[in-house]
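Trainee: I am new to this structure and would like a close look at a single part. Could you take me through one chain, from its domains to the way its helices pack?

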Amino acid sequence: MNGNDAYISIRNVSKFFGTFQAIDDVSLDIAGGEFFSLLGASGSGKTTLLSMLAGFEPATQGDIFIDGQSMDSVPPNHRPVNTVFQNYAIFPHLNVRDNIAYGLRKAQLPRAKRYEMVDEMLELIKLPGYGTRKAHELSGGQRQRIALARALILRPKVLLLDEPLGALDKQLREQMQLELRLLQRKVGITFVFVTHDQEEALALSDRIAVMQGGRVLQVDTPAGLYESPNSRAVASFIGNMNFFPGKLRRNGTAGAVVETEGLGSLRLPQAPNGQPDGARVQVALRPEKFDLSVTKPDDRPSVEGRLANAAYMGERSHFYIAIDGREEPVAVSAQNRLRFGAPPGSEGKLWLSWSADAVVVLDAE
Amino acid sequence: MSAPTFLRRPNRVLSVYAILFLVALYFPILLIPLFSFNDSIYVRFPLEGFTTEWFGQLWDRQPVWDSLWASVKVGLPVSILSTTLGVLAARSITRDRVPGRSAVVTFIMLPLVIPTLIFGVALLALLSRLGVPLSLYTVAFGHLIVCLPFSVATLLPRFEGFDRSLEQASADLGENGWWTFWRVTFPLVMPGIVASLLLTFTISFDEFIMAFFLSGNETTLPIYLWTQLRFPQQFPSVLALASLLILFSLPLILIGMWISRLGLHENTTKGAKT
């Protein structure tokens, strides 16, 4: 054991396919009972990392510990993990009951006990009475649930999920997200969830590791990732973000000032760590952190701008505000709270304001 | 005229050609059962009368039964052995990282295009050089060479057609390679195995050239049939025997082809990998 309470511990793992490096020195600790997501675009290495946890791919370097046991040279059939595959991998020649009971052969249970366990699982995934259905009679959502039941019936220490909701349509996906989260709380098993869908990761996870190019960029809670990204890559992968290049000025007090292109001088109540006085930085502000008004607000920082473009999205609208000293318009997102609200500033000038504590300071690229 | 209509337009010339082609192909075969019921030892029109005498003659002739039994004795082990080897080859080709995969496949398929005559002569030369006496064993060995490409060709699409993640899922659920093969791979390639058994049995049963070169005292049915052609008065019963062969081997081939296609396109669980 490596001295902390991590349930899964990935230690300096690298993976090469020939000369291509799919995983680049990744170390991660995942706590027991955690819903942990690996989030990244395709090719980021998230699926490769999951296959290494499952045991389908050996690590080129490094080691993986599950519950204190080194998984090095432990084949998939002897690991305390089970997987829900991306395409669910339901055995087409078996009915639902035999699919779910597949892993119980070695337990040598009497048939009645086995069926009882399957029925319990069918109850859990809300498909009671489906035991004798054939595999090809199932819909996508049902397949997904049965793949879950087939893995959970073995009471694994860790459940690995490889984009299990990717094949479902939007409505079903949202419903399954909710159910998956409830199910995870109920069974209390550690979930490692691979997805490229940032909304899904935010909605489901206790913590998320954002991956890119085989590396982990940041590990944090959903709110931590969204509100305090540590790099431009994370900030722009999760949600939308406006970036303003600037220069950091430390004034000897606890606070600091960033001279930005576009937003003027921003006073920060708390100086960021790391960057020295005069460092080139970029300021990041989420679209929904801005407010638009016709008159200049006197209690918060603001700049004057002009509406360049607008898009109506139903629950919210996106506005693109052109400001001086900046080529690209600033993206602003506002909720449509009034039924017949006129878009702000359609008659010309308006004021763009924000609150000082919404400002995120990142290293310049 | 729009494109789909153009493509679907019936082409009368091609239809006539297709029908003529099929008639030319199968008409001679249709003559065989026709004349096997004809009450004359000469194959010529007009037909003289209906008789089952030739079939009766076959029934009473011991050498027919001996050669039939010899063909079965060769065909059954050949089909089983060829299919087993085919399963191993197809599994290895599709699952393992075989270097020069396509070269291996080509090599296995080569007996399809190399004339059997050459194989037969070469084997005969080799066996007599080694001092191996000709028998049904040597015939079976020759048939194995002829049948193996058909087994692999029947089984390969089966093994390619199903999703690798099913085998991964089995391993993930705690089964080792052996049990994964029996519980997942084998049932899924089963139609291919049955098709291969039927197909290779039929091929061995009908095969002439290898049997001609490699058989000893016991002869297979096609060889017996050929030896009887020298006696004109035997010809109608040869036709009767040929009719029976058609009657039995055609359904076998058709069933084999039908089974081999069974469920091949039902595997909709193919997934994209990120």
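Mentor: What follows deals with chain B. This is a predicted model, in which local features need pLDDT of at least 70 and side-chain atom pairs pLDDT 80 or more, while totals for chains, interfaces and linings use all residues. Residues are numbered from 1 along each chain as written, with chains lettered from A and ligands numbered from 1 in written order.

Start with the domains. The domain assignment (automatic or from a database) divides chain B into domain 1, residues 11-51, and domain 2, residues 60-261. Between the C-alpha centres of these two domains of chain B there are 30 Å. Six residues of domain 1 of chain B and nine residues of domain 2 of chain B make the contact (C-beta atoms, placed from the backbone, within 7 Å). On the domain 1 side of chain B, five of the touching residues are nonpolar, one is polar and none is charged (charged means Asp, Glu, Lys and Arg; polar covers Gly and whatever is not Ala, Val, Leu, Ile, Met, Phe, Trp, Tyr, Cys or Pro, the nonpolar set).

Next, two helix pairs of chain B (helices being DSSP runs of H or I, at least four residues). In the first, helix α6 (116-130) of chain B crosses helix α7 (136-161) of chain B at roughly 140°, and their axes come within 11 Å (lines fitted to C-alpha atoms over the stretch in contact, with angles from 0 to 180 degrees between N-to-C directions). This angle makes α6(B) oblique to α7(B) (not under 35 degrees, over 145, or 65 to 115). From α6(B), the contact uses B:Thr116, B:Phe119, B:Gly120, B:Leu123 and B:Leu127, and from α7(B) it uses B:Thr138, B:Gly142, B:Ile145 and B:Val146. Five residues of this contact between α6(B) and α7(B) are nonpolar and four are polar, with no charged residues.

In the second pair, the axes of helix α8 (164-172) of chain B and helix α9 (177-206) of chain B lie 10 Å apart, at an angle of about 140°. α8(B) and α9(B) are therefore oblique to each other. On α8(B) the contact residues are B:Leu166, B:Glu167, B:Ser170 and B:Ala171; on α9(B) they are B:Thr180, B:Arg183, B:Val184 and B:Thr185. By class, the contact of α8(B) with α9(B) holds three nonpolar, three polar and two charged residues.

Last, the neighbouring chain: 20 residues of chain B are in contact with 24 residues of chain A. The chain A side of that contact has eleven nonpolar, ten polar and three charged residues.

Technical notes. Contact = placed C-beta atoms within 7 Å.
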